[in-house]
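Let's take a walk through a protein model together, starting with the whole chain and then stopping at a handful of residues. Keep the picture open as you read.

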Amino acid sequence: YLLEREAFTDSVIQSLEKFVKGIIREKDNYPDQKLLDIAQDEGLIPTYSFPHNIVGFSVYRAEKNHIALEEHTDRSMDLALSEYAPGSNLTIKKKNYISGAISRIDPIKKIPIQFESLYGEGSGKLRPIKVCPNPDCRWFGFSEECSCPLCGSDTDEHQMLTPHGFSMLVSNKRQKDVESSAVKTYASSPFYSTMPSSKKMTQFSDNMRFEKRADQKLIVMNAGNQKGGFTICKRCGAAVNGDESLFNFMRVGSPFPGKRCGHDEGFMHVYLGSDFITDLVVYEIRLGGEESPITDEMKWIWIAAQSLTQAFCLVAGRILDVESSDLEGGCRLITRDGDNVVEIYLYDNLSSGAGYSADLAGKTEELVLETRKFLQGCDCHDSCFKCLRNYGNRRIHELMDRHAALDLLNWATDSKLPDPLSEEEQNIILKPLRSLPGIDCERAYVYPSIWNESKVVANGKIPISKFEIERQPSDACNRLNSCRVDNVN
């Protein structure tokens, strides 16, 4: 609704007073930062008209008395953490470059300064971040606790660096040798790490509820190849995707041509990342506890949750009549009141936030109905470019399944599980295994992927889920073989 001018003015003044008091109280956390940057970081002002979190990739050349900028290109931070990260291969004006440095150009004065002054302790660009080592959890965040808030595992602490920019790799090795040593890595999708209270959520069905959440923090992070992080020279900013042994192997020089660096002032081992403030609409889907009829197969749950998240984003764009790329989403598995819960969150993918996610909360029933039609409306095996797949989600194409998303949605809204598979359906699913020698498929009983195996009545046969046969066929074969050997013995 629209506020009267006087009420609106009062609310703005109150917000500004609260903001200024907070800055004064915590001024030590904002050394040498401009007020405009702090206000944007804290989500106080819109960033659509004030470009923010834009970082560049710079190529330099040596001239007689100075270093000159030859090429420069910019991307938003979330994209730059993948496309410009050390080890990435870039083409600018038909020339090929490899990223291999974190910029130490002062963003205000535009001159090279000491790396430590830009990124050292107290700069605000280097922060401790906790990472859960449990592969079934995948949580990371700024929590001060030592335990993961999702699964309770002991977390590992790393340092997360938010770069001002990136630069090319300067190496004494041949270009082809350097290219073969460079490894491309990708940043995570924006991740919702905080754990707000669930007391204000609106119940939609027995297994699903939703809530609008304002000013929430999301984190984007690139943990490097196999989560090994990046190593950065504290003197010149040269960086590799891995440990410091690569500096010698790749003969890494200074990022400024014509300059030398012995990398003798130590190294910084970090993950690269950034965070931003946005509004969310969150959907919680209760899976239940130990007695739940839902499978506890984590890989299936991730596939179902990611697929339903993509479906929600695509359908929400149609409902709100906006580009599907204007909305993004993510998912996580949490424990709430003793039950496992899939949490799907959608947020605006615009610099200032256009309020799409807030509008969507009031259209939840329409979102559910249209998403069900959308998932049922394709004839592909699991996903294709007519339904869930698009260029933006290309990294998870093989992990998407519209049938899994539909089963999860039906459970969320109606507590409904799919019917048992007919013999004909089971035979079709088992067909790839029948062609393998020594596999006794006659004793297999195939059940829907979402079913909990402990609840399956197989009548003396070996229960195997549809998911296991299609996504983990070697496990299915091993189980059939082991049961066969046991029977022979």
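What follows goes from the overall chain to a few spots in it.

First, keep in mind that this is a predicted model. The protein chain has 489 residues, and 48% of them count as buried. Along the chain you'll find 13 helices and 18 strands. How do parts of the sequence meet? Take the contacts in the protein chain with a separation of 6 or more: 65% of them are between residues 24 or more positions apart. As for the outside, the accessible surface of the protein chain comes to about 26000 Å², and carbon and sulfur atoms hold 48% of that.

Now for a good place to stop: Glu 284. Is this residue buried or exposed? Glu 284 has a relative accessible area of 3%, and because buried means under 20%, it counts as buried. You can find Glu 284 in strand 14, which covers residues 267-288. Which residues does Glu 284 touch, once its neighbours within four places in sequence are left aside? The list includes Ser 198, Met 201, Asn 207, Arg 213, Ile 334, Arg 336 and Val 341. Look at Ile 334 in particular: 50 residues separate Glu 284 from Ile 334 in sequence, yet their C-alpha atoms are 9.5 Å apart in space. With Arg 336 there is also a polar contact, running from side chain to side chain at 2.8 Å.

Next, head over to Ser 103. Ser 103 sits in the loop between strand 4 and helix 4 (115-119). Being in a loop doesn't put this residue out in the open here: Ser 103 is buried, at 10% relative accessible area. What does its side chain reach? The side chain of Ser 103 comes to 3.2 Å from the backbone nitrogen of Ile 105. Setting aside neighbours within four places in sequence, Ser 103 also contacts Tyr 60, Leu 118, Tyr 119, Gly 165 and Phe 166.

Two other loop residues deserve a look for their backbone angles. Most residues other than glycine have a negative phi. Lys 93 has a positive one, near 50 degrees. This lysine is found in the loop between strand 3 (89-92) and strand 4 (95-102). Asp 337 also has a positive phi, near 55 degrees, and its place is the loop between strand 15 (327-336) and strand 16 (339-348). Are these two buried or exposed? Lys 93 has 66% relative accessibility, so it counts as exposed. Asp 337 is exposed too, with a relative accessible area of 71%.

Finally, let's check the cysteines. A disulfide is a covalent bond between the sulfur atoms of two cysteines. How many disulfides does a search of the whole structure find? The search comes back with zero. Cys 261 shows why: its closest cysteine sulfur, in Cys 236, is 3.6 Å away, which is too far for a bond. Cys 261 is buried, by the way, at 14% relative accessible area. Cys 380 is in no disulfide either, with the nearest cysteine sulfur, that of Cys 378, 3.6 Å away. Cys 380 is buried as well, with a relative accessible area of 13%.

Conventions
Residues numbered from 1 in each chain as written. Predicted model: local features only at pLDDT ≥ 70, side-chain atom pairs only at ≥ 80, totals over all residues. Heavy atoms only, no water. Helix = DSSP H or I, 4+ residues; strand = E, 2+ residues; numbered from the N terminus. Buried < 20%, exposed > 50% of the residue type's maximum accessible area, 1.4 Å probe, protein only. Polar contact = N/O pair within 3.5 Å; in protein donor to acceptor, adjacent residues only side chain to side chain. Contact = heavy atoms within 4.5 Å. Areas by Shrake-Rupley, 256 points an atom, 1.4 Å probe, with all protein chains shown as cover. Disulfide = S-S within 2.5 Å.
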